[in-house]
Amino acid sequence: MTGIIFAAGIGSRLKPFTDSHPKALAPVAGVPLLLRVAQKLCRAGVGRLIVNTHHFPEQIHACIAASDYAQMTDFSDEQPVLLDTGGALALIARENAAFRELPDDEPVIVHNADIYTDFDITEMVRCHISAGADATILVDPRRESTRHFLFDADRRLRGWENVTKDATRPEGLDKSCLVPAAFGGVHVISAGTIRRISAEQPDVIEPLSITDWYIDNCGSTSIVGYTPSAPFRWHDIGTTEKLKAANDALSGLL
């Protein structure tokens with residue numbers, strides 16, 4: 001299997017660390033989170049990693065080069081334009097030679113580098129395959145958030161809402177029978193779906209959010225929500241406060 005780690009983010013909310021480091025190298029219990037994510041994916045059966053870079057890319061390269069993942073990692077360079085998550089996938093589909101060899105139904109694990117999780121991702125892959133989904137996304141209906149994906153009784157994505165702004169997409173969506181759930185930054189996406197995202201982009205790839213693509217295409221694409229069957233830890237380290245909370249919670253456990 002192939003794993004993609006989104007590590008290009010600037011991390012403006014994680015200053016002053018990100019004034020001189022990429023966000024993906026923020027340490028959690030003494031280890032850069034990028035390496036914790038790489039370890040998680042490899043334990044799930046990933047044999048090839050693709051890491052996108054933009055902010056202090058040389059530090060990302062050096063970190064991987066000094067790790068156990070050096071020989072199995074390719075990089076996708078997003079200089080000079082940061083392409084966001086959907087644009088990052090489009091670029092990988094076009095330019096990564098190993099990715100081009102994947103069959104369309106091959107599941108690809110995609111993981112944000114600023115998210116720590118400890119659920120069994122192999123279960124998520126199995127659910128993706130058994131559902132015949134185009135994309136399966138980690139969600140938690142119990143986690144508080146102002147923004148939610150909205151799912152039907154079959155766990156199919158039907159829309160999105162921003163509670164604070166009282167905004168819903170698609171406009172006019174009837175939410176009465178839908179279940180809201182917060183997105184967790186982990187996906188299993190078929191290689192063919194990633195190629196479709198790329199094919200829809202212009203010759204010069206433009207920034208695109210994968211969540212926007214999901215919302216815009218949920219009527220014609222099988223996008224399924226996945227919540228682990230067992231309790232799991234989840235931490236977003238996108239701000240200094242959240243990074244501290246993750247370290248306080250996980251120090252001594254990892």
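**Notebook: cysteines, helix packing and two buried polar residues**

I started with C63: its sulfur sits 13 Å from the closest cysteine sulfur, the one in C42, so that pair is too far apart for a bond. Worth writing down straight away that I am working on a predicted model. C63 is also buried, with a relative accessible area of 14%.

Next I checked C218. The closest cysteine sulfur to that of C218 belongs to C177 and is 16 Å away, which is too far for a bond. C218 is buried as well, at a relative accessible area of 4%. How many disulfides does the count come to? Zero, with a sulfur pair needing to be within 2.5 Å to qualify.

**Helix 1**

I then went through helix 1, which covers residues 33-43. Eight of the 11 residues here are buried, so helix 1 is largely enclosed by the rest of the structure. I noted the buried set as L33, L34, L35, R36, V37, A38, K40 and L41. Just past the end of helix 1, G45 has a positive phi of about 105°.

**Helix 5 and H128**

Helix 5 runs over residues 121-131, and I listed I121, E123, M124, V125 and H128 as its buried residues. What do they pack against? I found helix 1, plus strand 6 (107-112), strand 8 (135-140), strand 12 (179-190) and strand 13 (223-226). G132, just after helix 5, adopts a positive phi of about 60°.

I wanted a closer look at H128, which lies in helix 5. H128 counts as buried, because its relative accessibility is 3% and the cut-off is under 20%. Its side chain makes a polar contact of 2.8 Å with the side chain of T136. Ignoring neighbours within four places in sequence, I get H128 in contact with P107, A133, D134, A135, T136, V188, I189 and S190.

**Helix 6 against helices 3 and 7**

On to the helix pairs. Helix 3 (residues 84-95) packs on helix 6 with the axes 8 Å apart and an angle of about 100°. The two are therefore roughly perpendicular to each other. On the helix 3 side I noted G86, L89, A90, A93 and R94, which meet I194, R195, I197 and S198 of helix 6. Sorted by class, this contact has five nonpolar, two polar and two charged residues.

How do helix 6 and helix 7 cross? The axes of helix 6 (residues 191-199) and helix 7 (residues 210-217) come within 12 Å and cross at roughly 95°. That makes helix 6 roughly perpendicular to helix 7. From helix 6, T193, R196 and I197 meet I210, W213 and N217 of helix 7. By class I have three nonpolar, two polar and one charged residues in this contact.

I also see I197 in both lists: I197 is among the helix 6 residues that meet helix 3, and among those that meet helix 7.

**Q201**

Last entry: Q201, found in the loop between helix 6 and helix 7. Is Q201 buried or exposed? Buried, since its relative accessibility is 14%. A polar atom of the Q201 side chain lies 2.7 Å from the backbone nitrogen of E206. Leaving out residues up to four places away in sequence, I list A90, R94, E206 and L208 as touching Q201. A90 and R94 also turned up among the helix 3 residues that meet helix 6.

Conventions: Residues are numbered from 1 along each chain as its sequence is written. This is a predicted model: local features need pLDDT of at least 70, side-chain atom pairs count only at pLDDT 80 or more; totals for chains, interfaces and linings use all residues. Side-chain values use heavy atoms; hydrogens and water are left out. Buried means under 20% relative accessible area, exposed over 50%, partly exposed in between (1.4 Å probe, protein chains only). Helices (H or I, at least four residues) and strands (E, at least two) are DSSP runs, numbered from the N terminus. Contact means heavy atoms within 4.5 Å. Axes are lines fitted to C-alpha atoms, for helices over the stretch in contact, and angles run from 0 to 180 degrees between N-to-C directions. Angles under 35 degrees count as roughly parallel, over 145 as roughly antiparallel, 65 to 115 as roughly perpendicular and the rest as oblique. Ala, Val, Leu, Ile, Met, Phe, Trp, Tyr, Cys and Pro count as nonpolar, Asp, Glu, Lys and Arg as charged, and the others, Gly among them, as polar. A polar contact is a pair of N or O atoms within 3.5 Å; within protein, one must be able to donate a hydrogen and the other to accept it, and residues adjacent in sequence count only if both atoms are side-chain atoms.
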